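Visitor: I would like a close look at one part of this structure, with enough of its surroundings to see where it sits. Could you walk me through it slowly?

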Amino acid sequence: MLTSNILKGVTKGFPLKIKAVKVENVSVDYNRDFVARILQRIEYGALQSAVKDLGLNESLPETMSDAMQQDDEFLKLMHKVLLEYEIEEGELICPETGRKFPISKGIPNMLLQETEVS
Amino acid sequence: MSSSETIKEIVSKCEDTKETANKCEVKQETVIKSDDKVEIVTTIGDKKNEVEEDNSVVEWYNGLAKAYPDSKELQFMNYGYAHLDQDQDAETGQCYVQLYEQVIAGKTIKDKDILEVSCGRGAGAAWCVEKYSPQSYIGLDASSNVIELCKRNHSNIKNLSFVVSNASKPFPFPDQSFDIVLSVEATHAYGGPKAVRQFAHEVARVLRPNGYLLWCDTCHIDQTGSSIEYLTDGGELIVEEKVNITKNVLRARDIMNKSGVEFIDRVIPMNQRKLWLDFAGMPGSLIYENLREERIIYWRAVLTKK
């Protein structure tokens, strides 16, 4: 999920909506410092949308305050959401154009056609 | 990896890609240079050295990934860098990571956000992440089969991820997402000046202020501009440092010659042997001779945003 938080559609389209056909749970060793650092780059609103799009059974707090970014419980939740859900098959959808980018075997394919480039 | 002319030559002859070559209207001329030298000049469409949409290169690498997914000799696909005054170990492929080391040129990778464009099979990416501990590292490549290998081999590294995308079209990242963009021996294969300029524009867009493009590649000096000029003539990137590493690359080819030829003899069908020797830039190949005679220069450079 971490990669999907920083990919965007062709012009301004962000955040990409996610439609998942196959989601896998993976186990990743928890590294508090790594998660704390990554959180500073995350668009929290986009992450909330993604969790909602995927129908994950995780409840994220409404907002992410500075204090929360030091809280162990919150960091462990972020670790789980960002690193332990792998979208194996699905689509990323541009919110502006509706253009779909397939995800196959966990890899997003952002290849553009010639006609999509001005 | 090798000159775009050589790749087109290979594409035009390789049985697997005959269909692609036919669609591109490949023409070949045989020019007899001397008693023992024959040059085959290949033109795709009616533009020599320039292809509008260079899918032939992507399909070549897609084919290699499918045919030879596990060959350790193909994990890196750069020519390598060898120090001139030291012995180098051919077995460990030390030359290949040394090229990355040289391109990085001592710039800080630790805790930074890195994008490697045309990352190939990800061996360089995995090495960089282990050695330099960036905050995040994304490998991008237009070959979906190649990225599949990246995922298969390197998904255990949590801050390393991969995406299939075209280097000479808009990148799927917001403005100012990265501290460093790495480009190792790739821009020559993008299909000409227009593609390289588009790449440079996107690099400038996704780089943060004070960010770097760390780049290396072959440059033909008999064309109207070399790849370095195509990176800078858009006015968005400037060269901070530029080093001619041709001799080091040639030495790397010499050192890897024995194991490279052994791999080709062992794995590659006889009728493709010469193509592969050319592709790999082995001593005796056209690209090797061009580097030796400095008709092609191998540059590495550090570029910054203007």
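**A walk through chain B and its partner**

Guide: Let us begin with residues 115-214 of chain B, where the chain is 35% helix and 29% strand, and where the end C-alpha atoms are 10 Å apart. Please keep in mind that this is a predicted model. The UniProt annotation for residues 115-214 of chain B, from an unreviewed entry, reads "domain: Methyltransferase type".

A good place to stop is helix α5 of chain B, residues 123-132, which holds B:Ala125. B:Ala125 counts as buried because its relative accessible area is 0%, and the cut-off for buried is under 20%. What does B:Ala125 touch, not counting residues up to four places away in sequence? The answer is B:Glu116, B:Tyr137, B:Leu160 and B:Phe162. For a sense of distance, the C-alpha atom of B:Ala125 is separated by 14 Å from that of B:Lys112, which is 13 residues away along the chain.

Further along is B:Glu185, in the loop between β6 (178-184) and α7 (193-206) of chain B. Although B:Glu185 carries a charged side chain by class, this residue is buried, because its relative accessibility is 4%. Its backbone deserves a glance too: phi of B:Glu185 is positive, near 50 degrees, in a residue other than glycine.

Now to the part I would like you to see most closely, helix α4 of chain B. This helix is mostly covered, with nine of its eleven residues buried. Which residues are the buried ones in α4(B)? Reading along the helix, they are B:Cys95, B:Tyr96, B:Val97, B:Gln98, B:Leu99 and B:Tyr100, then B:Gln102, B:Val103 and B:Ile104. In an α-helix there are 3.6 residues a turn, so residues three or four places apart point the same way. And what covers the buried residues of α4(B)? The cover includes the strands β3, β6, β7 (207-220) and β9 (296-305), together with the helices α5 and α9 (246-267), each of chain B. The helix α5 in that cover is the one that holds B:Ala125.

Among the residues of α4(B), let us pick out B:Gln98, which lies in the helix at residues 94-104. B:Gln98 is buried because its relative accessible area is 6%. Leaving aside its neighbours within four places in sequence, B:Gln98 is in contact with B:Tyr81, B:Ala82, B:His83 and B:Gln88.

The helix α4(B) is followed by B:Ala105, a residue in the loop between α4 and β3 (113-117) of chain B. B:Ala105 has a positive phi of about 50 degrees, although it is not a glycine. Is B:Ala105 buried or partly exposed? It counts as partly exposed, because its relative accessibility is 26% and the buried class stops at under 20%.

From here we can step out to where chain B meets chain A. The contact draws on 26 residues of chain B and 24 residues of chain A. Between them the two chains bury about 2,300 Å², of which 62% is on carbon and sulfur atoms. Across this interface there are three salt bridges. One of them joins A:Lys105 to B:Glu148, with the closest N and O atoms 3.0 Å apart. There are also six residue pairs in polar contact across the interface, both residues at pLDDT 80 or more. On the chain A side, α1 (32-39), β2 (85-93) and β4 (107-108) each supply at least two residues. The most comes from α1(A), which gives three residues. Sorted by class, the side of chain A that touches chain B has twelve nonpolar, seven charged and five polar residues.

Finally, a short look at the partner itself. Chain A has three helices and four strands, following the pattern β-α-α-α-β-β-β along the sequence. Of the 118 residues in chain A, 46% are buried. Among contacts in chain A with a separation of 6 or more, 64% are between residues 24 or more positions apart. One last residue to find on your screen is A:Asp71, in the loop between α2 (44-54) and α3 (72-83) of chain A. A:Asp71 is partly exposed because its relative accessible area is 36%. Its C-alpha atom is separated by 14 Å from that of A:Tyr30, which is 41 residues away along the chain.

Definitions and conventions
Residues numbered from 1 in each chain as written. Chains lettered and ligands numbered in written order. Predicted model: local features only at pLDDT ≥ 70, side-chain atom pairs only at ≥ 80, totals over all residues. Heavy atoms only, no water. Contact = heavy atoms within 4.5 Å. Buried area = accessible area lost by both parts, 1.4 Å probe. Salt bridge = Lys/Arg side-chain N within 4 Å of Asp/Glu carboxyl O. Polar contact = N/O pair within 3.5 Å; in protein donor to acceptor, adjacent residues only side chain to side chain. Buried < 20%, exposed > 50% of the residue type's maximum accessible area, 1.4 Å probe, protein only. UniProt positions renumbered as here; feature names shortened; annotations may be inferred.
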